[in-house]
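Please look over the sequence and the structure shown below before reading on. The report that follows is written for someone meeting them for the first time.

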Amino acid sequence: MTMNRTTVWSRSGVVLCLFWLWATPTLQAQSTLEKDLQLEIELENRFFFKEGLHPGQERNYLSLGIQPELGLEWKNGDRRIQVSLFFRWDQQDNRRTHFDIRELYYQQVNDKWEWSIGFKKIFWGVTESAHLVDIINQTDQPEGFDGEQKLGQPMFQASLLTNKGTFDFFYLPYTPRRQFPGSAGRFRFPQEIERNDVSVDSDLKSWYPSFALRWSHYFGPVDVGVSNFYGVGREPLFKVDNQQVTAVYPIINQTGVDLQLTSGPMLWKFEGIYRYADFQDFTAMAVGLEYTFSNVAASGLDIGLLGEYLFDSRDDQALSNLNNDVFLGVRLAFNDTQSSELLAGTAIDLDGKGIFISAEGSRRIGDNWKMSLESRIFSGIEEDQLAFFFREDSFLLLKLSKFF
Amino acid sequence: MKYFAIIVFSISTILANAQNGSDHGLEIANNADLADNGFESSEVKLKMILRNKQGQESTRLLETKTLELVEDGDKSLIVFNSPRDVKGTATLTFTHKQGSDDQWLYLPAVNRVKRISSDNKSGPFMGSEFAYEDLSSQEIEKYSYRFVKNEQYEGHNCAVVAQDPVDPKSGYTKRLVWYNLDEDYRLEKIEFYDRKDVLLKTLTYSDYQLYLGKHWRAGTFQMVNHQTDKQTTLIFEDYAFKTGLNAEDFSQNSLKRAGR
């Protein structure tokens, strides 16, 4: 845990304590305090098919994850304190061994208003192969190359429900920086990047405040969201010169639109962003569809077909590597007692600069166990692609989770 | 000519009977709907016990909230509490009398709300013997009705009404529904006939209790699949009515809050 993380913890802690003091009398007055405690422990092994490009990298990465959660609720759920912590231990990569406060917030609901203060996770968007619009939380990079896992973000959030849609306002006082793999870790550049060496393009560093606004609504079959974010970019801007990688978090303004049309078994999806920074401005979009054949031959099986096109005007500098790509996928949900499911897909670079294949499946065992499989495969990645550094990092992950 | 007259007469009698059957069937369904009008909102805890052919059981726990609407279909919120790996998953459904329902799913692991297709009527709900359409709000407009007969069932005077789903995506050609004429048209039994018109499942209602002097609610639903020999039992606990829920309690924000 870095100094920055400790500081933000203590500062936000003060604010939370004030809320505690104010909330405690209400807490005692209400006899119906509902407590909810749960714990998830997972053991996983990532097996890499090939030797790493860099010395010190291993083939097998055994790892343990622990996620305790506590929810306290009173006034029929109109007041709530939610705590979710995350701890990861990794056998090889000391940077992947990390701790994060995923959630630690107080929330209050007054009719149409919802207020939250503390660490939260917020998700925006509709597409599956890229999450362009989603910008509030920093990526928990060591957790997964796909960036699906996010770090908790300290915030003040106000949400107002109206008959013209939902308006969300966010004040984000601090931006956690990404962690990068250590020398023994996979998915890394030739030289190691220190978390704190990647600076924020401002004297305030991580304390440069960010703000976001979002309006979301639905009209019959259409769900729409329009958002604007101003502040510290969550994505570092990388520059590669002679195999030397330098990076900085720019101050950005990002406007985003997400749209979904649900028409019978077909979902039409669109996400688009325009991001502006001093050194760089670009647009990116993801447009796609998902068609589900449900209860095929009365067997309970649902087969979903996904197709998405991804465009990014940054071309080869796009961090996601999805600058002019097509994603094709299939989702199987067996709807059996064990909730077996499988999602497999491939992203194909239309400029012929590589193919990326991913598959993930899971199945419950008994009532409290779950087995998951995941694989990511890189193939034919060209030299000018950022993912060229990860070309030997195809892997298979096997995970066993126990829920208490 | 005489024969022709007889034939015409017979046909018109059959048609008239069919017409009456349809009217009477609809009348019964309407009476049942009317008898349960005015619960405003309800909340209940639900235990779902899945039993396979070998008798192995697994249990799921859910909580549901319902908001009664008159002009349009009801709104409902379902939260899954177990198995633990899906704990916090929740769905929000706006039933419509005509056209597709609106449905959103909340996935707590990624804090994501997804609008999902409500097209899957016939698929199993959480691996159980209940299809989605068996558990969705029963709006009059979703079926066409035909009165079949009156008969004694478990010591009660019952009317049997055949119901044909309007939606072609339904997994059934028809349902036969037993309405209890002694107890405010509450349901006693439903037989489900698959697309080949073969008996697929039987649902029986038991442990009825009367709430607020007006609303009959069964404490136990027992669904038996005759083709697979699997069974699912639903046990309802802690029913509460007129709990003061309103439209704001059925928003995407409340869906996220209900999950977690």
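What percentage of the 260 residues in chain B do buried residues make up? The share is 37%, and, like every value in this report, it comes from a predicted model rather than from an experiment.

**Chain B as a whole**

Chain B contains three helices and 13 strands, and its C-alpha trace spans about 75 × 45 × 35 Å along the principal axes. The radius of gyration of chain B is 20 Å, which agrees with the value near 18 Å that a compact globule of 260 residues would have. When the contacts in chain B between residues at least 6 apart in sequence are considered, 45% of them join residues at least 24 apart.

**A buried strand in chain B**

Strand β4 of chain B, residues 90-94, has four of its five residues buried, and it is therefore largely enclosed by the rest of the structure. Strand β3 of chain B, residues 75-82, runs antiparallel to β4(B) and is joined to it by five bridges, with B:Val79 standing opposite B:Ala90 of β4(B). Strand β5 of chain B, residues 102-107, also pairs with β4(B) in the antiparallel sense, over five bridges, and here B:Thr93 stands opposite B:Gln103 of β5(B). The loop between β3 and β4 of chain B holds B:Pro83, and the peptide bond that leads from B:Ser82 to B:Pro83 is cis, with omega near 5°.

**Confidence in chain A**

The mean pLDDT of chain A is 89, and 92% of its residues reach 70 or more. Residues 1-9 of chain A, by contrast, stay under 50 in pLDDT, and the model has nine contacts for them beyond four places in sequence. Where pLDDT is low, the predicted coordinates should not be read in detail.

**A three-stranded sheet in chain A**

Chain A includes an open sheet of three strands, in the order β8-β12-β11 and with mixed pairing. Its edge strands are β8, residues 199-200, and β11, residues 237-241, each of which pairs on one side only. The pairing between β8(A) and strand β12 of chain A, residues 244-249, is parallel and runs over two bridges, and within it A:Val200 stands opposite A:Tyr249 of β12(A).

**Individual residues of chain A**

Four residues of chain A can be set side by side by their C-beta neighbours inside 10 Å.

| Residue | C-beta neighbours within 10 Å | Class |
|---|---|---|
| A:Asp168 | 20 C-beta atoms | buried |
| A:Val133 | 26 C-beta atoms | buried |
| A:Lys75 | 15 C-beta atoms | partly exposed |
| A:Asn295 | 22 C-beta atoms | buried |

A:Asp168 belongs to strand β7 of chain A, residues 165-172. Once its neighbours within four places in sequence are left aside, A:Asp168 is in contact with A:Gln157, A:Ser159 and A:Arg214. A:Asp168 and A:Trp113 are 55 residues apart along the chain, and their C-alpha atoms are separated by 9.9 Å.

A:Val133 sits in the loop between β5 (113-120) and β6 of chain A. Not counting residues up to four places away in sequence, A:Val133 touches several residues, among them A:Trp124, A:Gly256, A:Asp258 and A:Ile273. A:Gly225 lies 92 residues from A:Val133 in sequence, while the distance between the two in space is 9.4 Å, C-alpha to C-alpha.

The remaining two residues of the table have positive phi values. A:Lys75, in the loop between β2 (60-74) and β3 (79-90) of chain A, has a positive phi of about 50° although it is not a glycine. A:Asn295, in the loop between β15 (281-293) and β16 (302-312) of chain A, has a phi near 50°, again a positive value in a residue other than glycine.

**Where the two chains meet**

How many residues does the contact take from chain A, and how many from chain B? Chain A gives 36 residues and chain B gives 26 residues. On the side of chain A that touches chain B, the strands β6 (153-162), β13 (251-263) and β21 (395-403) of chain A each supply at least two residues. The residues on that side of chain A divide into seven nonpolar, 18 polar and eleven charged.

Definitions and conventions. Residues numbered from 1 in each chain as written. Chains lettered and ligands numbered in written order. Predicted model: local features only at pLDDT ≥ 70, side-chain atom pairs only at ≥ 80, totals over all residues. Pairing = 2+ DSSP bridges. Contact = placed C-beta atoms within 7 Å. Nonpolar A, V, L, I, M, F, W, Y, C, P; charged D, E, K, R; others polar. Rg over C-alpha atoms; globule rule 2.2 N^0.38 Å. Buried ≥ 20, exposed ≤ 12 C-beta atoms within 10 Å, placed from the backbone. pLDDT = per-residue confidence, 0-100.
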